[in-house]
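Reader: Please take me slowly through one part of this model, and then place that part within the rest of the chain. I would rather have one connected account than a list.

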Amino acid sequence: MSASRRILVIRPDRIGDVTLATPVIRALRKSFPDAYIGAMVRPATETVLRHNPHLDAILIDDWEREHAGFSGFRDRLRMLREHRFDTALMLLPKERHAWMTLLAGIRTRLGVGTKLYQLLTFTRGISRHKYIPLRHEADYCLDLARAVGAEEDGLGVEVFLLQEEREAAQKLLAGIGRDPARPLLSVHPESGRSSPNWDGPTYRDFVRACAEALPDLQVMVQITRSNTAMLELFEPLRSDQILLPDDGGDLRMVMGLIAEADAALASSTGPMHLAAGLGVPTASVFCPLPACHPTLWGPQGNRNEILMPPDEYCRTRCPGDPHICTMDGAIAFGDMISAIDRLISQSSSRPSRP
């Protein structure tokens, strides 16, 4: 690959998935330092890649609204032509982008798997071999970078905050009673049914139990402002120990708040991967099914503790759909509290509680 190569990475899905694409971007930059590297994502995830030093451009494809229909497709096609990319790595199969990159004149086009539209658009398919052996999603994505000659630089994810963004998060926390002398746990109870997760009442009960077991700890519960039902669950817990910050719906502020924490509790969701990208230790609940397994979706690049239901629970009480599984009673609060305490003790050099 020549030094003047112009490479486009396309990842048109969710926050966690885009975060897991950052090892690809880093590998491309390290392997081809003079290349022009762009990333195409949805509007909701552009903020994940903002200020990434390995990128020259972040491109938006809002195919559901602004760029919907033929006129929107034509607009995005024109944009790709202006950037004169010669290589496109499509980390998630999508027919729209197979045709778009072909019509934009991008010579080298790689995608995941082999679908009919990939054959019709002469897109080279990179097989995941039915996920045998099971590897991490970030590693599978790197297969596309390897196929164009890039050398991997590890699976650790990364996101980048400006100093003023960190200071804004600190100011917000100070205004609601944050005590910098106390360790801080960031809790993210929402998952949008994208993965197995405790339900709202379980998170509420856990936060209460965690605060009682670790009285020196401050707990910051981050909830989407539009999720009024979840907010109502946690509002009675608001105190000088349990903080409910209002991030204003700004993902960069969410990231800034996570960066202030000594540890984060989240299921297999975007906040878990953002925490990993910020170097914040994570404690997470996971499902042992291959499609949801931490081998495939676990945090990368940080210290982490992963808890899963015992085999007996999965054999006898599995609901059949991992996206609606709440792991009711399968993971003891005491086990999760101990995991969090270990992570925080290591982060702050405080002695671990017995």
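Author: Pro133 lies in the loop between strand 6 and helix 7, where helices (H or I, at least four residues) and strands (E, at least two) are DSSP runs numbered from the N terminus. The model is a predicted one, in which local features need pLDDT of at least 70 and side-chain atom pairs count only at pLDDT 80 or more, while totals for chains, interfaces and linings use all residues. Residues are numbered from 1 along each chain as its sequence is written, and side-chain values use heavy atoms, with hydrogens and water left out.

The peptide bond that joins Ile132 and Pro133 is cis, with omega at about 0 degrees. Two other residues of this loop deserve attention for their backbone angles. His129, which also belongs to the loop between strand 6 and helix 7, has a positive phi of about 50 degrees although it is not a glycine. Lys130, found in that loop as well, likewise has a positive phi, near 55 degrees, in a residue other than glycine. As background to these values, most residues other than glycine have a negative phi, and most peptide bonds are trans. His129 counts as exposed because its relative accessibility is 55%, and Lys130 counts as exposed because its relative accessibility is 76%; the cut-offs are under 20% relative accessible area for buried, over 50% for exposed, and partly exposed in between, with a 1.4 Å probe and protein chains only.

The loop leads into helix 7, residues 137-147, which is mostly covered, since nine of its eleven residues are buried. These are Glu137, Ala138, Asp139, Tyr140, Cys141, Leu142, Asp143, Leu144 and Ala145. The cover over the buried residues of helix 7 includes helix 2 (22-31), strand 4 (87-90) and strand 5 (108-112), together with strand 6 (124-126) and helix 13 (294-297), a contact being heavy atoms within 4.5 Å. Helix 7 is followed by Gly149, whose phi is positive, near 100 degrees.

Leu89 shows how this helix meets its surroundings, for among the residues that Leu89 touches are Leu144 and Ala145, both of which are buried in helix 7. Leaving aside residues up to four places away in sequence, Leu89 also touches Leu8, Val9, Ile10, Val24, Leu28, Leu110 and Val148. Leu89 in turn belongs to the largest nonpolar core, of 58 residues, in which Val24, Leu28, Leu89, Leu91 and Leu278 touch the most other members. A nonpolar core here is a set of buried Ala, Val, Leu, Ile, Met, Phe, Trp, Tyr and Cys residues joined through side-chain atoms within 4.5 Å. The largest share of this core, seven residues, comes from helix 11 (residues 251-259). Apart from this core lies another, of 35 residues, which includes Val207, Val221, Ile223 and Leu244.

Around this part, the protein chain as a whole comes to 15 helices and twelve strands, and 55% of its 354 residues count as buried. Among contacts between residues at least 6 apart in sequence, 63% join residues at least 24 apart. Along its principal axes, the C-alpha trace spans about 60 × 50 × 40 Å.
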